[in-house]
Amino acid sequence: MAPTSNTPAHRRSFMPTIAAALLALGLGACGGGGGDTPEAGGTPASTPPPTTTPPPTTTPPTPTPVTGTCDLPNFKQELLDRINALRASGASCGSSGNFPAVAPLVWNDKLTLAADGHALDMAAKNYFSHDSQDGRTFVDRINAANYAWSAVGENIAAGQPTVEAVMTSWRNSAGHCANLMSANFVDVGVACRPAASSANAYSKYWVMDLGKPR
């Protein structure tokens, strides 16, 4: 059945036919040093002993960004398992049509960051919309996360207590189901944030961003 009124879910997708290119400019700088000229009437400055060049250090790996999971166990793996089980089996998405089996989605940290920022914003400001209150769209948020895309989409939901519950809501809604089953998408990121206050309309806020890179 469709999501109930206390567990709303919305979806959007966007696949433009134009692409934007960015030009990055690098700036360099050089510094100078002093010589060994002695002070007037003094003695030459002593030359420091040679130093041994330290071995090169390895750059530590960039840590995975911390994003919202509503403290649910196995958050990422359970979502991927449920999403990809659905995609592997094919699905009837009601008014959005029937979808054959399709390749699995891969978790993407940039999409997850975009999703998390919006989930956190909705939870903090007690609203429910694809558009941020400052006017940004989901496309703006995904661009800000530096995900270079050829297709993007978004599902949102609020109030569902578990991964199973939110996936059921999205699966039973034609538009959300179509996003989950779309062959246009290959990457996914999901975040969940608890309400900032007991006065919020919903206890949890969910965002799923989907994309295909350029």
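## Overall architecture

The protein contains 5 helices and 7 strands. The model described here is a predicted one. From the N terminus onward, these elements follow the order β-α-β-β-β-α-α-β-α-α-β-β.

The chain has 214 residues, of which 38% count as buried. Among the contacts with a separation of 6 or more, 74% are between residues 24 or more positions apart.

## Strand pairing: β4, β5, β6 and β7

Strand β7 covers residues 204-213 and pairs with β5, residues 149-158, in the antiparallel sense over 9 bridges. Within this pairing, Ala 157 has Trp 206 of β7 as its bridge partner. Strand β7 also pairs with β6, again in the antiparallel sense, and this pairing comprises 8 bridges. Here Pro 194 has Lys 204 of β7 as its bridge partner. Strand β7 is therefore paired with both β5 and β6, given that a pair requires at least two bridges.

Strand β6 has a further pairing, with the short run β4 at residues 106-107; the two strands run parallel and are joined by 2 bridges. In this pairing Trp 107 stands opposite Val 188 of β6.

Which of these strands are mostly covered? In β5, 9 of the 10 residues are buried. In β6, which spans residues 187-194, 6 of the 8 residues are buried, so the strand is largely enclosed by the rest of the structure.

## Helix α4: the side that is buried

Helix α4 spans residues 163-171, and its buried residues include Val 163, Val 166, Met 167, Ser 169 and Trp 170. Because these residues cover an arc of only 155° around the axis, they lie on the same side of α4.

## Helix α5 and its packing against α1

Helix α5, residues 174-181, comes to α1 with an axis distance within 9 Å and a crossing angle of roughly 85°. Since angles of 65 to 115 degrees count as roughly perpendicular, α1 and α5 are classed as roughly perpendicular to each other. Helix α1 contributes Ile 83, Leu 86 and Arg 87 to the contact, while α5 contributes Asn 179, Leu 180 and Met 181. Sorted by class, the contact of α1 with α5 consists of 4 nonpolar, 1 polar and 1 charged residues.

Helix α5 is mostly covered, with 7 of its 8 residues buried. The buried residues are Gly 175, His 176, Cys 177, Ala 178, Asn 179, Leu 180 and Met 181. Asn 179, Leu 180 and Met 181 thus appear both in the buried set and in the contact with α1.

How buried or exposed is His 176? This residue of helix α5 has a relative accessible area of 3% and is buried, because the cut-off for that class is under 20%. In space, the C-alpha of His 176 is 8.7 Å from that of Ile 156, although the two residues are 20 apart in sequence.

## Two loop residues with positive phi

Most residues other than glycine have a negative phi. Two residues of this model are of interest in that respect. Cys 70 is not a glycine, yet its phi is positive, at about 55°. Cys 70 is located in the loop between β1 (9-14) and α1 (75-89). With a relative accessibility of 12%, Cys 70 counts as buried, since the limit is under 20%.

Asn 126, also a residue other than glycine, has a positive phi near 60°. Its position is in the loop between α2 (109-125) and α3 (138-144). Is Asn 126 buried, partly exposed or exposed? Its relative accessible area is 34%, and Asn 126 is therefore partly exposed, as this value falls between the limits of 20% and 50%.

## Surroundings of Asn 126

Which residues does Asn 126 touch, leaving aside its neighbours within four places in sequence? Asn 126 is in contact with Ala 199, Asn 200, Ala 201 and Tyr 205. Of these partners, Tyr 205 falls within the residue range of strand β7, 204-213.

The C-alpha atoms of Asn 126 and Tyr 202 are 7.9 Å apart in space, whereas the two residues are 76 apart in sequence.

How values were computed: Residues numbered from 1 in each chain as written. Predicted model: local features only at pLDDT ≥ 70, side-chain atom pairs only at ≥ 80, totals over all residues. Heavy atoms only, no water. Helix = DSSP H or I, 4+ residues; strand = E, 2+ residues; numbered from the N terminus. Buried < 20%, exposed > 50% of the residue type's maximum accessible area, 1.4 Å probe, protein only. Arc of directions from axis to C-beta. Axes fitted to C-alpha atoms, helices over the stretch in contact; angles between N-to-C directions. Parallel < 35°, antiparallel > 145°, perpendicular 65-115°, else oblique. Contact = heavy atoms within 4.5 Å. Nonpolar A, V, L, I, M, F, W, Y, C, P; charged D, E, K, R; others polar.
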